Amino acid sequence: MQSFLSHISQLFLQSSCQSCQRASSEFFCPFCQAQLHTGIRSPLIEPPSTHHPFPLFAWATYDTSLRQIIQQLKYNNQPAIGTWLGTEMAKSWIHAKLHQKFPRLLVVPIPMHKSKEKQRGYNQAEIISRSFARQIGYRHQPNALIRIRETQPQSELGLDDRAQNLESAFSLAPNFKSNQPVLLLDDIFTTGATLRTAIKLLENHNICIWGSAVTARGHLDPTLKIPKKVPQF
Ligand SMILES: [Zn+2]
């Protein structure tokens with residue numbers, strides 16, 4: 001019994017922050033938690049714009065600390081980070097009383113292509129959206145959208161190519177219907193091209209859309225290829 005207990009306490013003592021690997025008894029150490037919370041945006045909702053034709057709930061700025069933990073989630077087999085992020089996003093949603101204002105939404109994550117999902121073991125947007133929906137009490141429909149075409153990573157493309165790359169990347173699951181407005185969920189928002197493509201598809205099928213929620217709101221990558229239409233100074 002004693003050795004069992006010492007084994008358990010050793011595990012406990014050995015646990016480390018999922019972001020910076022410092023020793024920590026909590027999922028993220030106090031330093032990383034504080035860093036992450038300084039990135040939470042205010043206001044949380046952006047009105048419709050040319051980048052996104054519906055309201056956009058953008059939880060936090062895509063800064064260094066959030067970038068690190070999203071990379072851990074995506075490339076280091078740490079799905080629990082997605083569950084944590086979904087819960088934190090939901091806490092902010094509830095704190096802003098958005099669950100009272102919008103009591104009936106259907107949460108739909110942006111899908112990954114099956115072959116990529118198999119390689120990673122999970123779709124991080126689905127992990128985030130599942131815990132977000134569960135915490136608020138929204139319905140979750142992970143298979144409403146299907147990624148039918150493997151696309152090049154968006155970060156490797158210029159603005160014009162991004163939209164082209166995504167064209168016909170998604171299809172709607174057969175027989176998908178919803179009598180509740182859809183809330184699309186993705187992990188990162190950069191140019192908005194992915195969400196706009198999914199929105200267009202839902203609109204073409206006359207599905208009612210509330211808007212989207214994203215964990216991290218990025219800004220255009222300065223290393224991005226400059227689109228042809230933008231004048232250069
Ligand atoms: Zn840490």
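1. Let's begin with a term: helices (H or I, at least four residues) and strands (E, at least two) are DSSP runs, numbered from the N terminus. Ile209 belongs to strand β8, which covers residues 209–217. In this chain there are nine helices and eight strands.

2. Two points on reading the model. Residue numbers start from 1 along each chain as its sequence is written. The model is predicted: local features need pLDDT of at least 70, side-chain atom pairs count only at pLDDT 80 or more, and totals for chains, interfaces and linings use all residues.

3. Is Ile209 buried or exposed? A residue is buried if 20 or more other C-beta atoms lie within 10 Å of its own, exposed if 12 or fewer, and partly exposed in between, with C-beta atoms placed from the backbone. Ile209 counts as buried because 20 other C-beta atoms lie within 10 Å. Over the whole chain of 233 residues, 34% count as buried.

4. Now look at the company Ile209 keeps. Two residues are in contact if their C-beta atoms, placed from the backbone, lie within 7 Å. Apart from neighbours within four places in sequence, Ile209 has contacts with Phe54, Pro181, Val182, Ile199, Leu202 and Glu203. Val182 is 27 residues away from Ile209 along the chain, yet their C-alpha atoms are separated by 4.6 Å. Across the chain, 71% of the contacts with a separation of 6 or more are between residues 24 or more positions apart.

5. Next, helix α9 (residues 193–204). The expected span of a helix is 1.5 Å times one less than its number of residues. For the twelve residues of α9 that gives 16 Å, and the end C-alpha atoms are 17 Å apart, which agrees. Ile199 and Leu202 are among the buried residues of α9, and both are in contact with Ile209. Just after α9, Asn206 has a positive phi of about 55 degrees.

6. In what order do the strands of the open sheet come? The order of the six strands is β1-β2-β8-β7-β3-β4, with mixed pairing. At the edges are β1 (45–46) and β4 (139–140), each pairing on one side only. Two strands pair if DSSP finds at least two bridges between them. Strands of a sheet pair through backbone hydrogen bonds, either parallel or antiparallel.

7. Walk across the sheet from β1. β1 and β2 are antiparallel, with two bridges, and Ile45 stands opposite Phe57 in β2. Phe57 also stands opposite Ala213 in β8; β2 and β8 run parallel and are joined by five bridges. Strand β2 (residues 56–61) is mostly covered, as five of its six residues are buried.

8. Keep going to the other edge. Strand β7 (residues 182–189) pairs with β8 in the parallel sense over seven bridges, and here Leu183 stands opposite Gly211. β3 and β7 run parallel with four bridges, while β3 and β4 are parallel with two. Leu106 takes part on both sides: its bridge partner in β7 is Val182, and in β4 Leu106 stands opposite Arg139.

9. Which way do the residues of β3 point? Leu106 and Val108 point one way, Val107 and Pro109 the other, and all are buried. In a regular strand the side chains alternate between the two faces of the sheet. Helix α7 (residues 124–136) lies across β3 (106–109), β4, β7 and β8.

10. A nonpolar core is a set of buried Ala, Val, Leu, Ile, Met, Phe, Trp, Tyr and Cys residues joined through C-beta atoms within 7 Å. The largest one has 51 residues, and Val107 and Leu185 touch the most other members. Leaving out residues up to four places away in sequence, Val107 touches eight residues, including Phe132, Ala133, Leu183 and Leu185.

11. Finally, some backbone features to check. Most residues other than glycine have a negative phi, and most peptide bonds are trans. Asn77, in the loop between α3 (64–75) and α4 (79–95), has a positive phi near 50 degrees; Asn77 counts as exposed because 11 C-beta neighbours lie inside 10 Å. Lys97, in the loop between α4 and α5 (98–101), has a positive phi near 60 degrees. Ser42 and Pro43 are joined by a cis peptide bond, with omega about 0 degrees, and Pro43 sits in the loop between α2 (30–38) and β1.

Conventions:
Axes fitted to C-alpha atoms, helices over the stretch in contact; angles between N-to-C directions.
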